[in-house]
Amino acid sequence: MNWINNFVRPKIRSFLEKKETPDNLWVQCPETGEMVFHRDLESNLYVIPGSGHHMRMPAEQRLKHLFDNGEYVRIETPDVAPDPLKFRDERRYSDRIRDARAKTGERDAVRIAYGTLDALPVTAGVQDFEFMGGSLGMAAGEAVITGFETAAERQTPFILFAASGGARMQEGILSLMQMPRATVAAEKLREAGLPYIVVLTHPTTGGVTASYAMIGDIHIAEPGALIGFAGPRVIEQTIREKLPAGFQRSEYLLKHGMVDMVVHRHDLRATLSRVCRILMKAPSLGEAAPVTGVPDAEAAALPPPLAEAAD
């Protein structure tokens, strides 16, 4: 009986039990319902092969795809008070922050990096929608301002990938104050004669759209991205009228002059490189541009062409 209980029955049970499959192995296209294996989606830059639908791209993958050989230097951003208003609704704000940090491994919604794009030094910022919807709070505002200041100090273009649900309500007026602060920082970069390029991704809404996301020198949008201040449903309820088809989507905004171009993600890196070189009056790809203002500790971590130029 021990042989039956210890060997035969477990074997039979293992055949009959349903094996669980991880939920994230397959991704469904929101438009067509097409199922795509997650590794195929990653290799295609998170674009559904059949429909061309642009899924949300993780912040880390954004930076790796942008910079040469996927190599870059993270720029440290100032620390801020994690819960300045001691806010609480259904949960304490401090608990929400802790969960978001555990989920993403990041301190807040914006990360800043420095590296090369086709051998041209650039500074880039990415808003991570996975961190509380990419919402704009004190920490995110400080990070965006740090991006502008870093670009001005190192004489590089600043490229910002925007993705946000708007201002972070748990920080109240302190969140809203980041809008004019970032606008002033953008103006200082413009006074320095350096380009500010915004890539509008899905979704870019609220206070972010009302401030630094729409004051760039060049605005590039990904296909199908929702871009606007208030959402379509809120607008329809307010004006009590049906909105036009595709309202607030990238293609609609291009047609009405609110963005400069709509670029497929596969072509985005080449487009950014070309735009940066035109605005910076940079030399051809075969010539390395000089790099200034790079601390020795960071120069050691740069890709070889930049490290040599920094010396």
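Which residues form a nonpolar patch on the surface? In this predicted model, the patch is made up of Ile-173, Leu-176 and Met-177, and together they offer about 290 Å² of accessible area. Ile-173 belongs to helix α6, a run that covers residues 172-176. With a relative accessible area of 54%, Ile-173 counts as exposed, because the cut-off for that label is anything over 50%.

Turning to the sheet, seven strands come together in an open arrangement, and their order reads β3-β4-β5-β6-β7-β8-β9. The pairing in this sheet is mixed. Strands β3 (72-75) and β9 (261-262) sit at the edges, and each has a single partner strand, so one side of each has no neighbour in the sheet. For β3, four bridges make the join to strand β4 (residues 110-117), and these two strands run antiparallel. A look at one residue shows how this works out: Val-73 has Tyr-114 of β4 as its bridge partner. Helix α11 (residues 265-280) packs on the sheet as well, and the strands it touches are β4, β5 (120-127), β6 (158-164), β7 (196-204), β8 (218-221) and β9. The direction of helix α11 makes about 150 degrees with that of β7.

Next come the charged side chains. Side chains of opposite charge can pair when their charged atoms come close. Across the whole structure, a search turns up 19 salt bridges. One of them links Arg-111 with Glu-60, and the closest N and O atoms of this pair are 3.1 Å apart. Arg-111 is part of strand β4 while Glu-60 is part of helix α3 (residues 59-66), so the salt bridge ties together parts that lie 51 residues apart in sequence. As for cover, Arg-111 is buried at 6% relative accessibility, whereas Glu-60 is partly exposed at 28%.

Another salt bridge brings the edge strand β3 back into the picture. Here the side chains of Glu-106 and Arg-74 meet, with 3.0 Å from N to O. Glu-106 is found in the loop between α4 (93-104) and β4, and Arg-74 is found in strand β3, so this pair ties together parts that are 32 residues apart in sequence. Glu-106 is buried, its relative accessible area being 16%; Arg-74, on the other hand, is partly exposed at 34%. The residues of these two pairs also show up in something wider: Glu-60, Arg-74, Glu-106 and Arg-111 are linked with Asp-128 in a network of salt bridges.

A further pair joins two helices. The side chains of Arg-181 and Glu-142 meet in a salt bridge at 3.3 Å, N to O. Arg-181 comes from helix α7 (residues 178-191) and Glu-142 from helix α5 (residues 138-154), so parts that are 39 residues apart in sequence are tied together. Arg-181 is partly exposed, with a relative accessible area of 33%.

One last residue is Glu-236, which has its place in helix α9 (residues 232-239). Buried or exposed, or something in between, what does Glu-236 count as? At 24% relative accessibility, Glu-236 counts as partly exposed, because that label covers values between the 20% and 50% cut-offs. Setting aside neighbours within four places in sequence, Glu-236 is in contact with Glu-241, Lys-242 and Leu-243.

How values were computed. Residues are numbered from 1 along each chain as its sequence is written. This is a predicted model: local features need pLDDT of at least 70, side-chain atom pairs count only at pLDDT 80 or more; totals for chains, interfaces and linings use all residues. Side-chain values use heavy atoms; hydrogens and water are left out. Patches are made of residues with over 30% relative accessible area and no salt bridge: like charges are joined within 9 Å, nonpolar side chains (Val, Leu, Ile, Met, Phe, Trp, Tyr) within 5 Å. Accessible areas come from the Shrake-Rupley method with a 1.4 Å probe; for residues, only the protein chains shown count as cover. A salt bridge is a side-chain nitrogen of Lys or Arg within 4 Å of a carboxyl oxygen of Asp or Glu. Buried means under 20% relative accessible area, exposed over 50%, partly exposed in between (1.4 Å probe, protein chains only). Contact means heavy atoms within 4.5 Å. Two strands pair if DSSP finds at least two bridges between them. Axes are lines fitted to C-alpha atoms, for helices over the stretch in contact, and angles run from 0 to 180 degrees between N-to-C directions.
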